[in-house]
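Colleague: Hey, I'm new to this one. Could you walk me through it?

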Amino acid sequence: MSRQDIAVAEETLDPADWDETRVLAHRMVDDAIDHLQGLRNRPLWQEMPASVRANFVSPVPQESQPLGDVYSEITVNVMPHPMGNHHPRFWMWYMGAGNFTGALGDFLAAIDGSNLGVGNTAATLVDRQVTEWIREMMGFPAGASGTLVNGGSMANIIGLMAARNAMAGVDLRQDGVASMPEPLRFYASDQVHNCHEKAMNLLGLGKGALCKVPSNDAFQMDIVKLRAMIHANRANGMRPACVIATAGTTNTGSLDDLSAIADLCRAEGIWMHVDGCVGAPIAIAPENRHLVAGLERADSVALDLHKGFHAPFDVGCALLRDRRQHRTTFAEDAEYLQKMSRGIAAAEFLHDYNLDTSRGFRALKIWMMLKEHGVGKFGRLIDQGIAQAQYLRGLIASTPALELIAPTVTAIVCFRFNPDGREEAALRALNIEIMLQMQEAGIAAVSDTTVKGRHCLRVAICNHRTRRSDLDLLVHQILKIGGDLLAIDGVARERTRTSSNLGPR
Ligand SMILES: *Cc1c(COP(=O)(O)O)cnc(C)c1O
């Protein structure tokens, strides 16, 4: 029997019929375009009925089925129920609104399929170029390094880990935190994002190592108090290591005074890290870039491309001024991963700059978006969002039933429905109800927060599809729902009063 006669049933994941697959894939693209074109005319969000939820509780499929059937399920049960952040009236939390080019980029990246941990590939060159472009946009000096990661939280961890290792005074990578002669102290304002607490936990320093500096009336870190805390800690045998400045706080969009913090860090010999997940892209916005002056003086910056640049999830970036420090923080050697002078392993190992081994081709979507639109468009969109936030602030200021809760300096507006000055708990309940009714009706999505003890609604405009008329509609809806709730409330009160009148005397 010859070798060929032995029947071996070898399988592959490739389609049995490429032509059929081609037709189906084309339909997916057509549907995707319809989906985006029709966004404005669909509800922003809808609660999923039990029938939809039931679809996602079945055991692992044993049998095969045509891809067309799988796709049908997606059209029925998945695509009608997104978060809504692509919709023009989504302003919850702070996240981007996506874009079609970016989606194509993710698809093509998967088709290219390169692993960007290591590799002498075009994908690696695209990644390097995108990181260089980000460096350039943020005004960091040539020679500074950067790495694309899955988001802002990880980008912050990269920066803070480099800061910790640079400032520890021992070989922290080798000997660990137990070898540190003095406990490290990091500083951030009381408005800092909670990913920094996770970072402190991960870095083995503990949340207690993150000193919260009170913010002033503009929700900026109080520099005088910061300096006093640094000096007091030092006098008590601690080692002040890093100031985490926030460019664009999550609560109110306020910006710490980056230039003043850079001066202080230089004078004190402390690492300056900027959490720029919200505000770093302002550096490319012609009208507002002065707001983030000093960003380019930081030792490290974390930013988010899936926020202000609207790249599809997920992608963030950490920039480090000192490439050597960046690399020594992360690079490890392995006998099974040796760099070559020729062939596929003849390239800089990108996983030497972060915690990854394997890395996806996140860079391609950004590369395509920046090439298609040019950096100027992204800058103008940042300015547009800030101008829209000012427009909304104006609407609120001229509406007596609405109350502004914080200054609007970037694209976040904090306010509440407060028609009759009732007490805090009642206002909170009323505003939460308005927020939830707007979400459930699929009209608009805003979130809520508490700012210096006052609960409020929060509109974060990071959405290239928003128009001013959408903000008009928001105000109109809040007043309408709020008015209806007060009317119901009034009737209920009246009932309670009359029924008690009818009670036994
Ligand atoms: C969003 C945000 C983060 C976290 O970024 P992710 O991309 O969600 O991980 C960190 N800091 C600030 C100020 C943010 O707004």
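Modeller: Sure, let's start with one pair: Glu-403 has Arg-416 of strand E9 as its bridge partner. Keep in mind that this is a predicted model.

Colleague: Okay, which strands pair there, and over how many bridges?

Modeller: E8 pairs with E9, which covers residues 412–417, in the antiparallel sense over 3 bridges.

Colleague: And what sheet do they sit in?

Modeller: An open sheet of 4 strands, with antiparallel pairing and the order E8-E9-E11-E10. Strand E8 (402–404) and strand E10 (447–451) are at the edges with a single partner strand each, so one side of each has no neighbour in the sheet. From one strand to the next, the twist averages 45°.

Colleague: What's the phi of Lys-452 like?

Modeller: Lys-452 has a positive phi of about 45°, although it is not a glycine. Most residues other than glycine have a negative phi. Lys-452 belongs to the loop between E10 and strand E11 (454–460).

Colleague: How much of Lys-452 is accessible?

Modeller: Its relative accessible area is 47%, so Lys-452 counts as partly exposed. The cut-off for exposed is over 50%.

Colleague: Let's zoom out. How many helices and strands does the protein have?

Modeller: The secondary structure comes to 14 helices and 11 strands. The protein has 505 residues, and 48% of them count as buried. Its C-alpha trace spans about 105 × 70 × 50 Å along the principal axes.

Colleague: What about the sheet with 7 strands, what's the order?

Modeller: That open sheet runs E1-E7-E6-E5-E4-E2-E3, and its pairing is mixed. Strand E1 (145–149) and strand E3 (210–213) are the edge strands, and each pairs on one side only. On average, neighbouring strands of this sheet are turned by 20° against each other, direction ignored.

Colleague: How do E2 and E3 run, parallel or antiparallel?

Modeller: Parallel: 4 bridges join strand E2 (residues 184–189) to E3. As one residue pair to look up, Ala-188 has Lys-212 in E3 as its bridge partner.

Colleague: Now the ligand. What surrounds it?

Modeller: There are 14 residues around the ligand, and the closest are Gly-152, Ser-153, Asp-275, Asp-304 and Lys-307. By type, the shell divides into 3 nonpolar, 8 polar and 3 charged residues.

Colleague: Which helix gives the largest share of the shell?

Modeller: Helix H6 (residues 152–167), which contributes 3 residues.

Colleague: Which atoms does the ligand meet at Gly-152, Asp-304 and Lys-307?

Modeller: At Gly-152, a polar backbone atom is 2.7 Å from an oxygen atom of the ligand. At Asp-304, a polar side-chain atom also comes up, lying 2.7 Å from a ligand oxygen. For Lys-307, an N or O atom in the side chain is 2.9 Å from an oxygen atom of the ligand.

Colleague: How much of the ligand does the protein bury?

Modeller: 84% of the 380 Å² that the ligand exposes when taken alone.

Colleague: Switching again: where is the cis peptide bond?

Modeller: It joins Phe-313 and Asp-314, with an omega of about -5°. Most peptide bonds are trans. Asp-314 is in the loop between strand E6 (300–304) and strand E7 (316–320).

Colleague: What else is in the loop between E6 and E7?

Modeller: His-310 lies there. Its phi is near 60°, a positive value in a residue other than glycine.

Colleague: Is His-310 buried or exposed?

Modeller: Buried, because its relative accessibility is 5% and the cut-off is under 20%.

Colleague: And where does Asn-99 sit?

Modeller: In the loop between helix H3 (67–78) and helix H4 (100–112). Asn-99 counts as buried too, since its relative accessibility is 15%. From C-alpha to C-alpha, Asn-99 and Phe-309 are 9.5 Å apart, while in sequence they are 210 residues apart.

Colleague: Last one: what's up with His-351, and where is it?

Modeller: His-351 is in the loop between helix H11 (323–330) and helix H12 (363–397). With a relative accessible area of 10%, His-351 is buried. A polar atom of the His-351 side chain lies 3.3 Å from the backbone oxygen of Thr-357.

Colleague: Great, thanks, I'll go and look at those.

Note on methods
Residues numbered from 1 in each chain as written. Predicted model: local features only at pLDDT ≥ 70, side-chain atom pairs only at ≥ 80, totals over all residues. Heavy atoms only, no water. Near = heavy atom within 4 Å. Polar contact = N/O pair within 3.5 Å; in protein donor to acceptor, adjacent residues only side chain to side chain. Areas by Shrake-Rupley, 256 points an atom, 1.4 Å probe, with all protein chains shown as cover. Helix = DSSP H or I, 4+ residues; strand = E, 2+ residues; numbered from the N terminus. Nonpolar A, V, L, I, M, F, W, Y, C, P; charged D, E, K, R; others polar. Pairing = 2+ DSSP bridges. Axes fitted to C-alpha atoms, helices over the stretch in contact; angles between N-to-C directions. Buried < 20%, exposed > 50% of the residue type's maximum accessible area, 1.4 Å probe, protein only.
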